[in-house]
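Student: Please give me a close look at how the strands are paired in this structure, beginning with a single sheet. I should then like to see how the same kind of reading applies to other parts of the chain.

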Amino acid sequence: MKWVYSFGDGKAEGEAGMKNLLGGKGANLAEMSNLGLPVPPGFSITTEVCTYYYAHGETYPADLRTAVDEAVAKIGAQAGGRLGDPARPLLVSVRSGARVSMPGMMDTVLNLGLNAETTEGLAKLTGDPRFAYDSYRRFIQMYSDVVLGVEHALFEEILDSEKDDKGYDLDTDLTAEDLKRVAGLFKARVQKELGRPFPEDVEEQLWGAIGAVFGSWQSPRANTYRRLHNIPEEWGTAVTVQAMVFGNRGETSATGVAFTRDPSTGEKLLYGEFLINAQGEDVVAGIRTPQAISKLVRERQGARKPSMEEAMPKAFAELKAICDRLEAHYRDMQDLEFTVQEGKLFMLQTRSGKRTAQASLKIAVDMVSEGVIDERTAVGRVEPAALDQLLHPTLDPNAPKEQIAIGLAASPGAATGEVAFTADEAEKLAADHRDVILVRTETSPEDIHGMHAARGILTARGGMTSHAAVVARGMGRPCVSGAGMVKIDIAAGTMTCGGTVIKRGEVITIDGGSGTVFKGRVELRQPELTGDFGTLMAWADKVRTLKVRTNADTPEDAKVARRFGAEGIGLCRTEHMFFDEDRIIAVRQMILADAANERKAALAKLLPMQRSDFEGLFKAMEGLPVTIRLLDPPLHEFLPQKEEEIIEVARAAGSDPSKLRARAIALHESNPMLGHRGVRLGITYPEIYEMQARAILEAALNVEASGGKPVQLEIMIPLVGFKTELDRMKERIDSVAAQVKKERDKLPAYIVGTMIELPRAALRAAEIAETAEFFSFGTNDLTQTTIGISRDDAGMFLTDYLNKGVIVRDPFVSIDVDGVGELVRIAAERGRNTRKTLKLGICGEHGGDPDSIRFCHQTGLDYVSCSPFRVPVARLAAAQAALDDVTPRD
């Protein structure tokens, strides 16, 4: 078994297609080496070692050490040094590299190989003691934090104290002697914290770092990131060990991050940030606010410090040429890391860059126009779930605003919420259904749970490639970073912006598109979806076979969904129409009635209301199919709870309150979700479904009579478990239809079907399809009844199931393909064996989940139905599912 793959000196043992084995970082370093680009030599330890490591009690394969020793010697031969040699010390970086990018989630160690002797040797070799001791103190701090578990902040305190004592503002002000003293203080702190000295042996250092990288695959932040982004635990990470090049060698050295296009907007220009006389962690950690790479971006930002294009024109020109070459080679926008060491450029990483949905659309459409990719490839390039970002509100330009701070426009969209100063605070407030803005001096990977919970993120430090900016863009959260005028005092629970003090829990608004921060709540506006969005959606619609409908109960919802491209209504929940204040009394009167004539009197009040509701929906949908689910509430949702409500219903019904009170008690159910609801209501009180059928049919006739398009009516009976239930309800509906035709001399076309939301219905689909003309899979309830989990209560333990690997995905978010999915497949197959023309759809929350949509496409369903704002997501996911049938996407 080959565990180690080397690269460098214009050749490599791996290549870009080996991401599953070498991780994204290692595969792309190998690819750049093969392209002859200036890549420091190194090697990758494969993801198979990570799998072995966890499968064998955190131990390594017996022959790994020999392979690593040989690979380290090969690096030394190419770089002109040897690990641990005081005369010509070789220093290396040790980095993680999963097959997909997980920015900031796993650990990195730089400058490994330094100890008291090799640091002196480095100082003599370079003639630069300040550089040598700067590298050494950085290594002690990073290694102690990552490998030894000594808190990063303890070292920052020492460094800040040293600067204060000397009257310095910046790390770069410290002299060689200062840094030598700092390194000694760092080592003393390690001894104090751990009771043992900082490791001087370079072999111990190397294997400690390798173990830390593999260990970080199971860190809480990595586990959270994998759960949020559906990355399987078994993929593991690779480890890349690479010869160090140094951006902290003085004013002719620098380090930076570049994007071949703007990751926020998609504009075609070299974008990114760099720092002179710095190392890579300085850029992404937000410790110093970096400078722009290109002159144009610097001018747009109004920054005074020179861009790389101005400060290092030769290195910039070389970087620009390499960026153009890599984008053309990979046929996608690239995110690159580089270092300039004494004027010489080195490439340390390239990968497909994370981008906002807006940028993703523009880049995909532009690359088609440029002839780089074709339309089908462009459709596969945009993550469906990322389209949610485009549906986020923006600031109403006419709303009053009080600006209190400005920073960098790190991730687009606007958000308003209560200020929280820690990730835990943000998560707790969000759990109470409160909107939150997470405000931090700078974020770290440990904050990811709070960033996910927050509506938006504001940081006082950091640039466009800081942790906060990168993670916020990936999550679709608005973010303003580098707002230097914001001073945060967590202990006091305040943020100060000039003369304005905002306390914990007070409301602010941020605009991630402009980098501005406002006091209080600012009105937000819904976005317009045009341009690149429309172009890509048109390409997607060309290739998808799965129709996309919406779940809508009001004309307003229906109009929104139509604007987003919905091709009909897959679920209208009629019970949602009954909660208005002017209707609830009549509904309660109907439920509490104990005689048919009393129930019919209440229903007579509801008939014109329902008819009017349906007319609005039918007009909005303009002849598209509309599936209406007849009443399906657990009765307890409608029952009066308070004494004054009982009196109000009694007065409206002309009845005795004590009689109603007794009736309410009699209707109480221990488990209402499995109780008297759905078709069971129709069997017990058929007049309810009869009223609804009449309202539907008459509304359709009225719309058509007023010049509207004929409605494609689909009347759906919920919670059917027995064919006889459906037979009886269809007879009632057909009987009402005959009466309507007799009265109006006309009848709209309609079909009757059922929701498949009980395992028995799925198993008996063949006989149910003898009556049903369509099946709509209600996967919310089908998941509950199949797994035996209440969706309302599952949160108490499903998170533990996810964290402990019992399940991979929340079954209420993405369909349980092996369990619930098997029932869907059985019902689809058996139903269509009985009725070849049986229409099949899905109308649970899974209808907007890309993975569930792929399952629906593979199972042969005709449509999915989802909430209005998920319609674009479903359209694109359906297209990608169709493309995957033909060829795997890039």
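**A sheet of three strands, and its wider setting**

Tutor: Three strands, in the order E19-E20-E21, make up an open sheet with antiparallel pairing. Strand E19 (486-489) and strand E21 (500-503) are the edge strands, each of them pairing on one side only. From one strand to the next, the twist averages 20 degrees. Please keep in mind throughout that this is a predicted model.

The pairing may now be followed residue by residue. E19 is joined to strand E20 (residues 494-497) by four bridges, and the two run antiparallel. Within this pair, Val486 of the chain stands opposite Cys497 in E20.

A second open sheet may be read in the same manner. It has six strands in the order E2-E1-E3-E6-E4-E5, and the pairing is antiparallel. At its edges stand strand E2 (11-12) and strand E5 (108-112); each has a single partner strand, so one side of each is left without a neighbour in the sheet. Strand E4 (residues 92-98) and E5 are joined by three bridges and run antiparallel. Here Val92 is found opposite Leu112 in E5.

Parallel pairing can be studied at strand E27. Three bridges link strand E26 (residues 569-573) to E27, and the two run parallel. Ile569 has Val626 as its bridge partner in E27. E27 pairs with strand E28 (residues 712-717) as well, in the parallel sense and over five bridges. In that pairing, Arg629 has Met716 in E28 as its bridge partner.

How is strand E27 placed with respect to the surface: mostly covered or not? E27 (residues 625-629) is mostly covered, with five of its five residues buried. In a regular strand, side chains alternate between the two faces of the sheet. In E27, Pro625, Thr627 and Arg629 point one way, while Val626 and Ile628 point the other way, and all are buried.

A single strand residue shows what burial involves in detail. Gln349 lies in strand E11 (residues 344-352). Its relative accessibility is 3%; because buried means under 20%, Gln349 counts as buried. Apart from its neighbours within four places in sequence, Gln349 is in contact with Lys25, Leu29, Met32, Asp335, Leu336 and Glu337.

Helices may be examined next. Helix H6 (residues 152-166) contains 15 residues and spans 22 Å from its first C-alpha to its last, close to the 21 Å expected at 1.5 Å a residue. An α-helix has 3.6 residues a turn, so residues three or four places apart point the same way. The buried residues in H6 are Leu154, Phe155, Ile158, Leu159, Glu162 and Lys163. These buried residues pack against helix H5 (129-148) and helix H7 (176-194). After H6 comes Gly167, which has a positive phi, near 75 degrees.

Two packed helices are described by the angle between their axes and the distance between the axes. For helix H2 (residues 47-55) and helix H8 (residues 202-216), the axes come within 10 Å and cross at roughly 80 degrees. Because angles of 65 to 115 degrees count as roughly perpendicular, H2 is roughly perpendicular to H8. Val49, Cys50, Tyr53 and Tyr54 of H2 make the contact, together with Gly211, Phe214 and Gly215 of H8. Sorted by class, the contact of H2 with H8 has five nonpolar residues, two polar ones and no charged ones.

Finally, two residues in loops deserve attention. Most residues other than glycine have a negative phi. Asn277 is not a glycine, yet its phi is positive, at about 55 degrees. Asn277 sits in the loop between strand E8 (271-276) and helix H10 (280-284). Asp745, likewise a residue other than glycine, has a positive phi near 60 degrees. Asp745 belongs to the loop between helix H27 (723-744) and strand E29 (750-756). Which of these two loop residues is buried, and which is exposed? Asn277 has a relative accessible area of 13% and is therefore buried, whereas Asp745, with a relative accessible area of 71%, is exposed.

Technical notes: Residues numbered from 1 in each chain as written. Predicted model: local features only at pLDDT ≥ 70, side-chain atom pairs only at ≥ 80, totals over all residues. Heavy atoms only, no water. Buried < 20%, exposed > 50% of the residue type's maximum accessible area, 1.4 Å probe, protein only. Contact = heavy atoms within 4.5 Å. Expected span 1.5 Å × (residues − 1). Pairing = 2+ DSSP bridges. Axes fitted to C-alpha atoms, helices over the stretch in contact; angles between N-to-C directions. Parallel < 35°, antiparallel > 145°, perpendicular 65-115°, else oblique. Nonpolar A, V, L, I, M, F, W, Y, C, P; charged D, E, K, R; others polar.
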